[in-house]
Amino acid sequence: MKDYTKAILLDLINRMPDLKFCRDNILLAVQCIIHCYREGNKLLTCGNGGSASDAQHIVGELMKSFVLTRVLPLSKQKEIRECFPNSADYLIENLQVALPAISLIGETALTTAYANDVTSDLSFAQQVLGYGSRGDILIAFSTSGNSNNVLYASQVAKVQGMTVIAFTGEKGGKLRELADIIIDVPSDETYRIQEYHLPIYHALCMAVEYEFFGEE
């Protein structure tokens, strides 16, 4: 891991000292995600309510530039020019290298159909079964750690050979038992837990981005 990747996490703890006891697990989460991407794998995310927004937010930071420029590699630029010379300049100028991540929140037709035809608490699990592969990561947001649909998704992730990174409150709930890495922030108030989660996953996304796109 590069020095400035570690510096990003150190800055987070300096700004929010309440998170110092989460520091080791945040570092583990970053290392795990870096390894996942180096191996050509992807992230899935899920959560409910405000945590659903967090699950979508983290995807937005990974799939496009967060703070660094992500220029397409020359090999990809060449492929674009060979396939579509008329639009190549526009595509190359605007497309960015993505760190593959999928939110399980936004599939409205699928989730409502599954809830109506089967059961609502397995809609995330069904998507993990369909999308998830060995070596992928599920980032599971649950402030209580006891959301059934998130727990079932985590169980299926384990079956699929995935790593589960859990964002929870200090109690961790049942999700604590399923998580490979748990980031259990120091609060049991839902809104405060979510206030802690956001800067953590911002730092996580920034650290991973610097690892892949920062200068040597």
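**Exercise 1. Classify His 57 by burial, given its relative accessible area of 25%.**

Start with the cut-offs: buried is under 20% relative accessible area, exposed is over 50%, and partly exposed is in between, using a 1.4 Å probe and protein chains only. His 57 is therefore partly exposed.

Before going on, a word on the model. It's a predicted one, where local features need pLDDT of at least 70 and side-chain atom pairs count only at pLDDT 80 or more, while totals for chains, interfaces and linings use all residues. Residues are numbered from 1 along each chain as its sequence is written, and side-chain values use heavy atoms, with hydrogens and water left out.

Next, place the residue: His 57 sits in helix H3. Helices (H or I, at least four residues) and strands (E, at least two) are DSSP runs numbered from the N terminus. Now look for its contacts, meaning heavy atoms within 4.5 Å. Leaving aside neighbours within four places in sequence, His 57 touches Leu 198, Tyr 201 and His 202. Finally, try a C-alpha distance: His 57 and Ser 103 are 46 residues apart along the chain, and their C-alpha atoms are separated by 8.9 Å.

**Exercise 2. Work out whether Phe 141 is buried or exposed, and list what it touches.**

Step one: find Phe 141 in strand S3. Step two: its relative accessibility is 0%, so Phe 141 counts as buried. Step three: skip the neighbours within four places in sequence, and the contacts of Phe 141 are Cys 46, Gly 47, Asn 48, Ser 51, Asp 54, Ala 55, Ile 58, Val 150, Phe 167, His 197 and Tyr 201. Step four: check a distance along the way, with 11 Å between the C-alpha atoms of Phe 141 and Leu 198, which are 57 residues apart along the chain.

**Exercise 3. Describe how H1 packs against H10.**

Two packed helices are described by the angle between their axes and the distance between the axes. Axes here are lines fitted to C-alpha atoms, for helices over the stretch in contact, with angles from 0 to 180 degrees between N-to-C directions. For H1 and H10 you get about 165° and 8 Å. That makes H1 roughly antiparallel to H10 (under 35 degrees is roughly parallel, over 145 roughly antiparallel, 65 to 115 roughly perpendicular, the rest oblique).

Now the handedness: H1 passes H10 in a right-handed crossing (the near helix is turned clockwise from the far one by less than a right angle; anticlockwise would be left-handed). From H1 come Tyr 4, Thr 5, Ile 8, Leu 9 and Leu 12, and from H10 Pro 199, Ile 200, Ala 203, Met 206, Ala 207, Tyr 210 and Glu 211. Sort them by class and this contact has 10 nonpolar residues, one polar and one charged. Ala, Val, Leu, Ile, Met, Phe, Trp, Tyr, Cys and Pro count as nonpolar, Asp, Glu, Lys and Arg as charged, and the others, Gly among them, as polar.

**Exercise 4. Do the same for H7 against H8, then for H6 against H7.**

Take H7 and H8 (residues 148-159): their axes come within 7 Å and cross at roughly 20°. That makes H7 roughly parallel to H8, and the crossing is right-handed. H7 brings Phe 124, Ala 125, Val 128 and Leu 129, while H8 brings Asn 149, Val 150, Tyr 152, Ala 153, Val 156 and Ala 157. The tally for H7 with H8 is nine nonpolar, one polar and no charged.

Then H6 (residues 108-117) with H7 (residues 123-131): the angle is about 120° and the axes are 9 Å apart. H6 and H7 are therefore oblique to each other, and this crossing is right-handed as well. Leu 110, Thr 111 and Tyr 114 in H6 meet Ser 123, Gln 126 and Gln 127 in H7. Their classes come out as two nonpolar, four polar and no charged.

**Exercise 5. Find the residues that touch the most other members of the largest nonpolar core.**

A nonpolar core is a set of buried Ala, Val, Leu, Ile, Met, Phe, Trp, Tyr and Cys residues joined through side-chain atoms within 4.5 Å. The largest one has 39 residues, and Ile 33, Leu 43, Ile 139, Ile 165 and Phe 167 touch the most other members. Elements that each supply at least two residues include H2 (23-38), H3 (50-62) and S4 (163-168). H10 gives the largest share, nine residues. Apart from this core lies another, of 20 residues, among them Phe 124, Leu 138, Val 150 and Leu 175.
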